[in-house]
Amino acid sequence: MHTWDERTDLLAHSLLGYAIERLRLPKDPHWGARPADELSAALDGAISHTGMGGHEAFALFRDLLMPACRPMDHPLNVAYVATAPTVSATLFDVVVSACSIFGGLWECGAGAIAAENQALRWLADLAGFPPDAGGCFVAGGSAANLSALVAARHHARLARGGTPPARWSFAATSEAHASVRAAARVMDVDVVPVPSDDRARMTAAALERTLDAADDGVFAVVATAGTTNAGAIDDLAGITDVCAERGLWVHVDAAYGGAALCAPSARPSFAGIERVDSFGVDPHKWLFAPYDCAALVYRDTRLAAEAHAQHAEYLDAVDRGEWNPSDYAFHLSRRARGLPMWFSLATHGTDAYRDAVEATLATARGFADAVAARDGFTLLLEPELSVVLFCCDGWTPADYNAWTLSRAKRGVALIVPTTWQDDVCYRICLVNPRTELDALVALLDDMTAFHAAHSSGGA
(Lines give C-alpha, C1' and ligand atoms only; values in the text may rest on other atoms or scores of the structure.)
Protein backbone atom coordinates (compact mmCIF):
# COMPACT_ATOMS: atom_id res chain seq x y z
CA MET A 1 0.00 0.00 0.00
CA HIS A 2 2.90 2.36 0.66
CA THR A 3 5.01 1.72 -2.41
CA TRP A 4 5.07 3.65 -5.67
CA ASP A 5 4.93 1.40 -8.71
CA GLU A 6 3.74 1.66 -12.28
CA ARG A 7 0.10 1.12 -11.34
CA THR A 8 0.35 3.78 -8.66
CA ASP A 9 1.82 6.14 -11.24
CA LEU A 10 -1.13 5.59 -13.56
CA LEU A 11 -3.59 6.06 -10.70
CA ALA A 12 -1.90 9.30 -9.64
CA HIS A 13 -2.21 10.75 -13.11
CA SER A 14 -5.85 9.70 -13.27
CA LEU A 15 -6.71 11.28 -9.93
CA LEU A 16 -4.81 14.51 -10.53
CA GLY A 17 -6.21 14.74 -14.04
CA TYR A 18 -9.72 14.43 -12.68
CA ALA A 19 -9.01 17.10 -10.07
CA ILE A 20 -7.87 19.47 -12.80
CA GLU A 21 -10.93 18.60 -14.87
CA ARG A 22 -13.23 19.38 -11.93
CA LEU A 23 -11.61 22.79 -11.59
CA ARG A 24 -11.61 23.61 -15.31
CA LEU A 25 -15.05 22.49 -16.38
CA PRO A 26 -18.40 24.02 -15.40
CA LYS A 27 -20.09 22.40 -12.43
CA ASP A 28 -23.01 20.16 -13.28
CA PRO A 29 -26.09 21.69 -11.59
CA HIS A 30 -28.03 18.45 -12.12
CA TRP A 31 -25.90 16.69 -9.52
CA GLY A 32 -27.44 16.19 -6.11
CA ALA A 33 -28.45 13.72 -3.44
CA ARG A 34 -29.60 10.27 -4.45
CA PRO A 35 -31.71 7.79 -2.45
CA ALA A 36 -29.81 5.92 0.24
CA ASP A 37 -30.79 2.49 -1.09
CA GLU A 38 -29.46 3.40 -4.54
CA LEU A 39 -26.09 4.46 -3.12
CA SER A 40 -25.97 1.43 -0.84
CA ALA A 41 -26.41 -0.83 -3.82
CA ALA A 42 -23.69 1.00 -5.73
CA LEU A 43 -21.28 0.59 -2.81
CA ASP A 44 -22.09 -3.05 -2.20
CA GLY A 45 -18.82 -4.98 -2.05
CA ALA A 46 -16.60 -1.93 -2.46
CA ILE A 47 -14.75 -2.73 0.75
CA SER A 48 -13.60 -6.33 0.78
CA HIS A 49 -10.78 -8.57 2.00
CA THR A 50 -8.78 -8.16 -1.21
CA GLY A 51 -9.81 -4.68 -2.34
CA MET A 52 -11.23 -3.69 -5.72
CA GLY A 53 -8.22 -1.71 -6.96
CA GLY A 54 -7.60 2.01 -7.21
CA HIS A 55 -8.87 2.51 -10.75
CA GLU A 56 -12.07 0.62 -9.98
CA ALA A 57 -12.64 2.55 -6.76
CA PHE A 58 -12.01 5.81 -8.58
CA ALA A 59 -14.48 4.91 -11.32
CA LEU A 60 -17.10 4.21 -8.64
CA PHE A 61 -16.51 7.62 -7.11
CA ARG A 62 -16.34 9.49 -10.42
CA ASP A 63 -19.39 7.93 -12.05
CA LEU A 64 -21.74 7.27 -9.14
CA LEU A 65 -20.73 8.90 -5.87
CA MET A 66 -19.61 12.35 -6.98
CA PRO A 67 -22.76 12.97 -9.08
CA ALA A 68 -24.75 12.26 -5.89
CA CYS A 69 -23.16 15.33 -4.24
CA ARG A 70 -24.35 18.92 -4.62
CA PRO A 71 -21.82 21.20 -6.39
CA MET A 72 -21.56 23.78 -3.62
CA ASP A 73 -19.48 26.20 -5.71
CA HIS A 74 -21.98 26.47 -8.58
CA PRO A 75 -22.81 30.16 -9.17
CA LEU A 76 -26.56 29.55 -8.84
CA ASN A 77 -26.31 27.49 -5.69
CA VAL A 78 -27.57 30.37 -3.58
CA ALA A 79 -29.26 28.37 -0.83
CA TYR A 80 -27.80 28.09 2.66
CA VAL A 81 -24.26 29.58 2.68
CA ALA A 82 -22.32 27.95 -0.12
CA THR A 83 -18.64 28.20 -1.06
CA ALA A 84 -16.48 29.58 -3.87
CA PRO A 85 -12.84 28.55 -3.40
CA THR A 86 -10.25 30.04 -5.70
CA VAL A 87 -8.51 27.69 -8.08
CA SER A 88 -5.20 28.37 -6.36
CA ALA A 89 -6.62 27.56 -2.91
CA THR A 90 -8.10 24.28 -4.11
CA LEU A 91 -4.93 23.23 -5.92
CA PHE A 92 -2.87 24.02 -2.85
CA ASP A 93 -5.20 21.95 -0.72
CA VAL A 94 -3.99 18.98 -2.76
CA VAL A 95 -0.42 19.97 -1.90
CA VAL A 96 -1.26 20.27 1.80
CA SER A 97 -2.77 16.78 1.81
CA ALA A 98 0.28 15.37 0.02
CA CYS A 99 2.71 16.91 2.52
CA SER A 100 1.37 15.15 5.66
CA ILE A 101 1.84 18.19 7.88
CA PHE A 102 0.89 17.89 11.55
CA GLY A 103 -0.40 21.37 12.25
CA GLY A 104 -0.98 21.09 15.98
CA LEU A 105 2.52 21.72 17.34
CA TRP A 106 5.25 24.14 16.27
CA GLU A 107 7.97 21.48 16.36
CA CYS A 108 6.06 19.43 13.77
CA GLY A 109 4.69 22.12 11.48
CA ALA A 110 6.51 25.39 12.14
CA GLY A 111 6.57 26.54 8.52
CA ALA A 112 2.91 25.81 7.96
CA ILE A 113 1.89 27.37 11.27
CA ALA A 114 3.89 30.52 10.53
CA ALA A 115 2.05 30.92 7.23
CA GLU A 116 -1.32 30.26 8.85
CA ASN A 117 -0.53 32.87 11.48
CA GLN A 118 0.15 35.41 8.74
CA ALA A 119 -3.35 34.79 7.37
CA LEU A 120 -4.80 35.05 10.88
CA ARG A 121 -2.94 38.32 11.35
CA TRP A 122 -4.66 39.74 8.27
CA LEU A 123 -8.04 38.82 9.75
CA ALA A 124 -7.11 40.22 13.16
CA ASP A 125 -6.00 43.48 11.54
CA LEU A 126 -9.26 43.74 9.62
CA ALA A 127 -11.09 43.51 12.94
CA GLY A 128 -8.81 46.06 14.60
CA PHE A 129 -7.39 43.59 17.11
CA PRO A 130 -4.12 44.34 18.95
CA PRO A 131 -0.73 43.09 17.68
CA ASP A 132 -0.56 40.22 20.19
CA ALA A 133 -3.95 38.79 19.19
CA GLY A 134 -3.98 35.36 17.59
CA GLY A 135 -5.64 32.02 17.36
CA CYS A 136 -5.86 29.05 15.04
CA PHE A 137 -7.77 27.47 12.21
CA VAL A 138 -10.43 24.91 13.10
CA ALA A 139 -12.88 22.81 11.11
CA GLY A 140 -15.83 25.19 11.04
CA GLY A 141 -17.95 27.73 12.86
CA SER A 142 -19.26 25.09 15.24
CA ALA A 143 -15.73 24.31 16.46
CA ALA A 144 -14.87 28.01 16.66
CA ASN A 145 -17.95 28.87 18.72
CA LEU A 146 -17.48 25.96 21.11
CA SER A 147 -13.76 26.64 21.61
CA ALA A 148 -14.32 30.34 22.25
CA LEU A 149 -17.08 29.66 24.77
CA VAL A 150 -14.93 27.13 26.62
CA ALA A 151 -12.26 29.82 26.93
CA ALA A 152 -14.88 32.33 28.06
CA ARG A 153 -16.17 30.05 30.81
CA HIS A 154 -12.63 29.31 31.96
CA HIS A 155 -11.97 33.04 32.22
CA ALA A 156 -15.19 33.55 34.21
CA ARG A 157 -14.31 30.68 36.54
CA LEU A 158 -10.95 32.26 37.31
CA ALA A 159 -12.55 35.66 37.83
CA ARG A 160 -14.93 34.17 40.40
CA GLY A 161 -12.08 32.64 42.33
CA GLY A 162 -13.17 29.10 41.65
CA THR A 163 -16.65 29.47 43.15
CA PRO A 164 -19.11 28.35 40.46
CA PRO A 165 -22.68 29.62 40.18
CA ALA A 166 -25.61 27.28 40.51
CA ARG A 167 -25.72 27.12 36.72
CA TRP A 168 -23.48 28.58 34.00
CA SER A 169 -25.11 30.31 31.01
CA PHE A 170 -24.42 32.65 28.13
CA ALA A 171 -26.71 35.09 26.32
CA ALA A 172 -27.68 34.95 22.63
CA THR A 173 -30.65 35.70 20.40
CA SER A 174 -32.77 33.14 18.60
CA GLU A 175 -31.06 34.29 15.38
CA ALA A 176 -27.72 32.92 16.59
CA HIS A 177 -26.52 29.96 14.55
CA ALA A 178 -27.71 26.51 15.61
CA SER A 179 -24.12 25.62 16.53
CA VAL A 180 -24.28 28.14 19.38
CA ARG A 181 -27.10 26.20 21.02
CA ALA A 182 -25.29 22.97 20.22
CA ALA A 183 -22.24 24.31 22.07
CA ALA A 184 -24.44 24.97 25.10
CA ARG A 185 -25.59 21.35 25.08
CA VAL A 186 -22.02 20.06 24.80
CA MET A 187 -20.88 22.32 27.66
CA ASP A 188 -24.01 21.59 29.72
CA VAL A 189 -24.80 25.28 30.13
CA ASP A 190 -27.96 27.29 29.50
CA VAL A 191 -28.70 29.88 26.83
CA VAL A 192 -30.31 33.07 28.12
CA PRO A 193 -32.48 34.31 25.23
CA VAL A 194 -32.14 37.95 24.17
CA PRO A 195 -35.03 39.34 22.09
CA SER A 196 -33.99 40.57 18.64
CA ASP A 197 -35.31 43.69 16.94
CA ASP A 198 -37.41 43.86 13.76
CA ARG A 199 -34.28 43.32 11.66
CA ALA A 200 -33.23 40.22 13.61
CA ARG A 201 -30.42 42.01 15.49
CA MET A 202 -29.35 41.97 19.12
CA THR A 203 -29.42 45.50 20.53
CA ALA A 204 -27.66 46.89 23.57
CA ALA A 205 -30.96 47.85 25.22
CA ALA A 206 -32.44 44.35 24.84
CA LEU A 207 -29.23 42.77 26.11
CA GLU A 208 -29.12 45.02 29.14
CA ARG A 209 -32.71 44.22 30.09
CA THR A 210 -32.03 40.52 29.66
CA LEU A 211 -28.90 40.56 31.80
CA ASP A 212 -30.64 42.58 34.51
CA ALA A 213 -33.21 39.79 34.80
CA ALA A 214 -30.74 36.90 34.54
CA ASP A 215 -29.01 35.13 37.40
CA ASP A 216 -25.32 35.48 38.15
CA GLY A 217 -24.22 32.52 36.04
CA VAL A 218 -23.90 34.41 32.74
CA PHE A 219 -20.27 34.20 31.59
CA ALA A 220 -20.48 35.42 27.97
CA VAL A 221 -22.55 37.00 25.26
CA VAL A 222 -22.59 35.55 21.75
CA ALA A 223 -23.23 38.20 19.13
CA THR A 224 -23.58 37.54 15.41
CA ALA A 225 -22.04 39.42 12.50
CA GLY A 226 -24.05 38.09 9.61
CA THR A 227 -26.98 35.98 10.78
CA THR A 228 -27.58 32.96 8.59
CA ASN A 229 -31.22 33.66 7.82
CA ALA A 230 -31.17 37.43 7.28
CA GLY A 231 -27.52 38.46 7.08
CA ALA A 232 -28.00 40.85 10.00
CA ILE A 233 -25.18 42.27 12.12
CA ASP A 234 -25.84 42.75 15.82
CA ASP A 235 -25.16 46.07 17.54
CA LEU A 236 -21.56 45.19 18.34
CA ALA A 237 -20.61 48.62 19.67
CA GLY A 238 -23.52 48.72 22.11
CA ILE A 239 -23.09 45.10 23.11
CA THR A 240 -19.42 45.60 23.98
CA ASP A 241 -20.34 48.64 26.08
CA VAL A 242 -22.85 46.61 28.10
CA CYS A 243 -20.46 43.69 28.55
CA ALA A 244 -17.50 45.89 29.50
CA GLU A 245 -19.52 47.27 32.41
CA ARG A 246 -20.33 43.75 33.60
CA GLY A 247 -17.02 42.04 32.88
CA LEU A 248 -18.55 39.62 30.39
CA TRP A 249 -16.72 37.95 27.50
CA VAL A 250 -18.07 38.87 24.05
CA HIS A 251 -17.70 36.32 21.29
CA VAL A 252 -18.78 37.21 17.76
CA ASP A 253 -19.91 34.47 15.41
CA ALA A 254 -18.93 35.99 12.07
CA ALA A 255 -18.71 32.65 10.27
CA TYR A 256 -20.55 33.97 7.23
CA GLY A 257 -20.43 37.75 7.53
CA GLY A 258 -16.89 38.27 8.78
CA ALA A 259 -15.56 38.15 5.22
CA ALA A 260 -17.13 41.56 4.65
CA LEU A 261 -14.60 43.09 7.05
CA CYS A 262 -12.36 43.41 4.00
CA ALA A 263 -14.99 45.39 2.07
CA PRO A 264 -14.86 49.16 2.75
CA SER A 265 -18.57 49.53 1.92
CA ALA A 266 -19.53 47.08 4.70
CA ARG A 267 -16.85 47.74 7.33
CA PRO A 268 -18.84 50.44 9.22
CA SER A 269 -21.51 47.87 10.07
CA PHE A 270 -18.92 46.00 12.17
CA ALA A 271 -18.16 48.96 14.47
CA GLY A 272 -17.32 47.58 17.91
CA ILE A 273 -15.79 44.29 16.76
CA GLU A 274 -12.37 45.72 17.61
CA ARG A 275 -13.36 45.52 21.30
CA VAL A 276 -14.70 41.96 21.51
CA ASP A 277 -12.81 39.09 23.12
CA SER A 278 -12.99 36.60 20.26
CA PHE A 279 -14.48 36.11 16.86
CA GLY A 280 -14.73 33.34 14.29
CA VAL A 281 -14.97 33.56 10.51
CA ASP A 282 -15.24 30.71 7.99
CA PRO A 283 -12.98 31.28 4.97
CA HIS A 284 -14.68 28.30 3.31
CA LYS A 285 -17.81 30.44 3.08
CA TRP A 286 -16.97 33.87 1.65
CA LEU A 287 -13.17 34.09 1.75
CA PHE A 288 -12.69 31.60 -1.06
CA ALA A 289 -11.01 28.70 0.73
CA PRO A 290 -11.97 25.03 0.28
CA TYR A 291 -13.71 23.01 2.98
CA ASP A 292 -13.01 22.87 5.83
CA CYS A 293 -11.53 26.09 7.15
CA ALA A 294 -12.61 28.35 10.01
CA ALA A 295 -10.47 30.99 11.69
CA LEU A 296 -10.78 31.61 15.44
CA VAL A 297 -9.11 34.76 16.75
CA TYR A 298 -8.70 35.78 20.41
CA ARG A 299 -7.84 39.19 21.79
CA ASP A 300 -5.95 37.63 24.74
CA THR A 301 -4.39 34.36 23.62
CA ARG A 302 -3.12 33.66 27.13
CA LEU A 303 -6.67 33.11 28.37
CA ALA A 304 -7.38 30.75 25.47
CA ALA A 305 -4.21 28.73 26.09
CA GLU A 306 -5.05 28.39 29.78
CA ALA A 307 -8.38 26.86 28.81
CA HIS A 308 -7.27 24.58 25.97
CA ALA A 309 -3.61 23.54 26.31
CA GLN A 310 -3.32 19.78 26.80
CA HIS A 311 -0.79 18.31 29.22
CA ALA A 312 0.41 14.72 29.62
CA GLU A 313 3.64 12.75 29.98
CA TYR A 314 3.93 12.36 26.23
CA LEU A 315 3.45 16.14 25.78
CA ASP A 316 6.06 17.25 28.31
CA ALA A 317 8.59 17.89 25.57
CA VAL A 318 6.32 20.34 23.74
CA ASP A 319 7.91 23.78 23.53
CA ARG A 320 5.31 26.03 25.16
CA GLY A 321 7.32 29.08 24.21
CA GLU A 322 6.39 28.67 20.56
CA TRP A 323 2.97 28.96 18.87
CA ASN A 324 1.08 25.70 19.16
CA PRO A 325 -2.37 25.82 17.51
CA SER A 326 -3.44 22.90 19.69
CA ASP A 327 -3.43 25.34 22.63
CA TYR A 328 -6.23 27.50 21.21
CA ALA A 329 -9.12 25.11 20.57
CA PHE A 330 -10.38 21.71 21.68
CA HIS A 331 -8.06 19.77 19.39
CA LEU A 332 -4.59 18.27 19.35
CA SER A 333 -4.27 16.49 16.01
CA ARG A 334 -4.92 18.99 13.27
CA ARG A 335 -4.24 19.42 9.57
CA ALA A 336 -2.87 22.78 8.42
CA ARG A 337 -6.25 23.75 7.04
CA GLY A 338 -5.40 27.45 6.89
CA LEU A 339 -2.63 26.95 4.32
CA PRO A 340 -4.85 26.98 1.21
CA MET A 341 -6.24 30.35 2.29
CA TRP A 342 -2.73 31.67 2.94
CA PHE A 343 -1.55 30.45 -0.47
CA SER A 344 -4.48 32.12 -2.24
CA LEU A 345 -3.92 35.37 -0.33
CA ALA A 346 -0.22 35.28 -1.16
CA THR A 347 -0.98 34.47 -4.79
CA HIS A 348 -3.69 37.04 -5.51
CA GLY A 349 -3.22 39.74 -2.87
CA THR A 350 -5.70 41.17 -0.42
CA ASP A 351 -6.95 43.78 -2.92
CA ALA A 352 -8.36 40.93 -5.02
CA TYR A 353 -10.22 39.65 -1.96
CA ARG A 354 -11.60 43.11 -1.27
CA ASP A 355 -12.79 43.45 -4.86
CA ALA A 356 -14.37 39.99 -4.94
CA VAL A 357 -16.35 40.59 -1.74
CA GLU A 358 -17.40 44.05 -2.93
CA ALA A 359 -18.56 42.57 -6.23
CA THR A 360 -20.71 40.05 -4.37
CA LEU A 361 -22.21 42.77 -2.19
CA ALA A 362 -22.99 44.83 -5.29
CA THR A 363 -24.75 41.86 -6.89
CA ALA A 364 -26.86 41.36 -3.76
CA ARG A 365 -27.85 45.04 -3.69
CA GLY A 366 -28.64 44.97 -7.39
CA PHE A 367 -30.82 41.91 -6.99
CA ALA A 368 -32.64 43.47 -4.04
CA ASP A 369 -33.35 46.55 -6.16
CA ALA A 370 -34.65 44.32 -8.98
CA VAL A 371 -37.00 42.51 -6.58
CA ALA A 372 -38.28 45.76 -5.10
CA ALA A 373 -38.99 47.22 -8.54
CA ARG A 374 -40.86 44.20 -9.91
CA ASP A 375 -44.57 43.52 -9.67
CA GLY A 376 -45.42 40.23 -8.02
CA PHE A 377 -42.53 40.28 -5.55
CA THR A 378 -41.93 41.94 -2.20
CA LEU A 379 -38.48 42.71 -0.82
CA LEU A 380 -38.72 41.93 2.88
CA LEU A 381 -35.49 43.51 4.07
CA GLU A 382 -32.81 45.76 2.62
CA PRO A 383 -29.69 43.57 2.59
CA GLU A 384 -27.04 44.49 5.12
CA LEU A 385 -24.63 41.98 3.62
CA SER A 386 -25.31 39.52 0.79
CA VAL A 387 -28.50 37.81 1.96
CA VAL A 388 -31.69 38.87 0.18
CA LEU A 389 -35.10 37.91 1.59
CA PHE A 390 -38.14 38.26 -0.65
CA CYS A 391 -41.57 36.76 -1.11
CA CYS A 392 -43.51 35.87 -4.22
CA ASP A 393 -46.88 37.56 -3.90
CA GLY A 394 -49.77 35.14 -3.74
CA TRP A 395 -47.63 32.01 -3.40
CA THR A 396 -48.53 29.26 -0.97
CA PRO A 397 -45.92 27.16 0.86
CA ALA A 398 -46.67 24.41 -1.66
CA ASP A 399 -45.81 26.80 -4.52
CA TYR A 400 -42.43 27.58 -2.98
CA ASN A 401 -41.64 23.91 -2.52
CA ALA A 402 -42.80 23.00 -6.02
CA TRP A 403 -40.65 25.64 -7.72
CA THR A 404 -37.63 24.77 -5.60
CA LEU A 405 -37.83 21.03 -6.26
CA SER A 406 -38.54 21.34 -9.97
CA ARG A 407 -35.77 23.88 -10.64
CA ALA A 408 -33.22 21.97 -8.56
CA LYS A 409 -34.08 18.78 -10.45
CA ARG A 410 -33.76 20.55 -13.79
CA GLY A 411 -30.42 22.02 -12.81
CA VAL A 412 -31.65 25.61 -13.05
CA ALA A 413 -30.70 26.81 -9.57
CA LEU A 414 -30.86 25.87 -5.91
CA ILE A 415 -32.93 28.25 -3.80
CA VAL A 416 -34.83 26.96 -0.80
CA PRO A 417 -37.66 28.64 1.10
CA THR A 418 -37.27 29.91 4.64
CA THR A 419 -39.47 31.97 6.95
CA TRP A 420 -39.31 35.61 7.94
CA GLN A 421 -41.54 36.81 10.74
CA ASP A 422 -43.53 33.57 10.41
CA ASP A 423 -44.19 33.95 6.68
CA VAL A 424 -42.72 31.64 4.03
CA CYS A 425 -40.36 33.41 1.66
CA TYR A 426 -37.24 32.91 -0.42
CA ARG A 427 -33.73 33.62 0.75
CA ILE A 428 -30.67 33.84 -1.43
CA CYS A 429 -27.16 34.10 -0.03
CA LEU A 430 -24.40 35.26 -2.36
CA VAL A 431 -20.78 34.34 -1.68
CA ASN A 432 -19.65 33.53 -5.22
CA PRO A 433 -18.25 36.42 -7.31
CA ARG A 434 -19.22 34.46 -10.43
CA THR A 435 -22.93 34.75 -9.63
CA GLU A 436 -24.25 37.24 -12.17
CA LEU A 437 -27.10 39.67 -11.58
CA ASP A 438 -28.68 38.87 -14.95
CA ALA A 439 -28.87 35.19 -14.02
CA LEU A 440 -30.62 36.02 -10.75
CA VAL A 441 -33.09 38.35 -12.46
CA ALA A 442 -33.85 35.57 -14.94
CA LEU A 443 -34.94 33.45 -11.97
CA LEU A 444 -37.56 36.07 -11.15
CA ASP A 445 -38.85 35.74 -14.73
CA ASP A 446 -38.97 31.99 -14.27
CA MET A 447 -40.85 32.29 -10.98
CA THR A 448 -43.39 34.59 -12.63
CA ALA A 449 -43.92 32.17 -15.51
CA PHE A 450 -44.13 29.21 -13.13
CA HIS A 451 -46.78 30.89 -11.01
CA ALA A 452 -48.83 31.85 -14.05
CA ALA A 453 -48.74 28.29 -15.36
CA HIS A 454 -49.39 26.80 -11.92
CA SER A 455 -52.37 29.09 -11.32
CA SER A 456 -53.89 28.12 -14.66
CA GLY A 457 -53.40 24.43 -14.01
CA GLY A 458 -50.17 24.02 -15.97
CA ALA A 459 -46.95 22.38 -14.81
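Visitor: How many bridges join S1 to S7, and do these strands run parallel or antiparallel?

Guide: This is a predicted model. In it, 5 bridges join S1 to S7, and the two strands run antiparallel. One position to look at is Gly135, which stands opposite Val297 in S7.

Visitor: What makes S1 and S7 count as paired?

Guide: Pairing requires at least two bridges between two strands. S1 and S7 have 5 bridges, so they meet the definition of a pair.

Visitor: How do you know that S6 and S7 pair, and in which sense?

Guide: S6 and S7 are linked over 4 bridges in the antiparallel sense. The cut-off is at least two bridges, so the pairing holds. Here Gly280 stands opposite Leu296 in S7.

Visitor: Which sense applies to S2 and S4?

Guide: Strand S2 (residues 169-172) and strand S4 (residues 218-224) run parallel and are joined by 3 bridges. Phe170 has Ala220 in S4 as its bridge partner.

Visitor: What is the strand order in the sheet, and is the sheet open or closed?

Guide: The sheet is open, has 7 strands in the order S1-S7-S6-S5-S4-S2-S3, and its pairing is mixed. From one strand to the next, the twist averages 20 degrees.

Visitor: Why are S1 and S3 said to stand at the edges?

Guide: Strand S1 (134-138) and strand S3 (190-193) each have a single partner strand, so one side of each lacks a neighbour in the sheet.

Visitor: Why is S7 called largely enclosed?

Guide: A residue is buried under 20% relative accessible area. In S7, 5 of the 5 residues are buried, so the rest of the structure largely encloses this strand. Both faces are covered: Ala294, Leu296 and Tyr298 are buried on one side, Ala295 and Val297 on the other.

Visitor: Which strands does helix H5 lie across?

Guide: Helix H5 (residues 106-127) lies across S1, strand S6 (278-281) and strand S7 (294-298), and runs at about 115 degrees to S1. Helix H11 (residues 301-308) also packs on the sheet, where it touches S1, strand S5 (249-253) and S7; its direction makes about 115 degrees with that of S7.

Visitor: Why is Ile20 called partly exposed?

Guide: Ile20 is found in helix H1 (residues 6-24). Its relative accessibility is 43%. Buried means under 20% and exposed means over 50%, so a value in between is partly exposed.

Visitor: What makes the nonpolar surface patch that includes Ile20?

Guide: Ile20, Val87 and Leu91 make this patch of about 250 Å². Members must have over 30% relative accessible area, and Ile20, at 43%, meets that cut-off.

Terms used: Residues numbered from 1 in each chain as written. Predicted model: local features only at pLDDT ≥ 70, side-chain atom pairs only at ≥ 80, totals over all residues. Heavy atoms only, no water. Axes fitted to C-alpha atoms, helices over the stretch in contact; angles between N-to-C directions. Contact = heavy atoms within 4.5 Å. Patch = residues over 30% accessible without salt bridge, like charges linked within 9 Å, V, L, I, M, F, W, Y side chains within 5 Å. Areas by Shrake-Rupley, 256 points an atom, 1.4 Å probe, with all protein chains shown as cover. Salt bridge = Lys/Arg side-chain N within 4 Å of Asp/Glu carboxyl O. Buried < 20%, exposed > 50% of the residue type's maximum accessible area, 1.4 Å probe, protein only.
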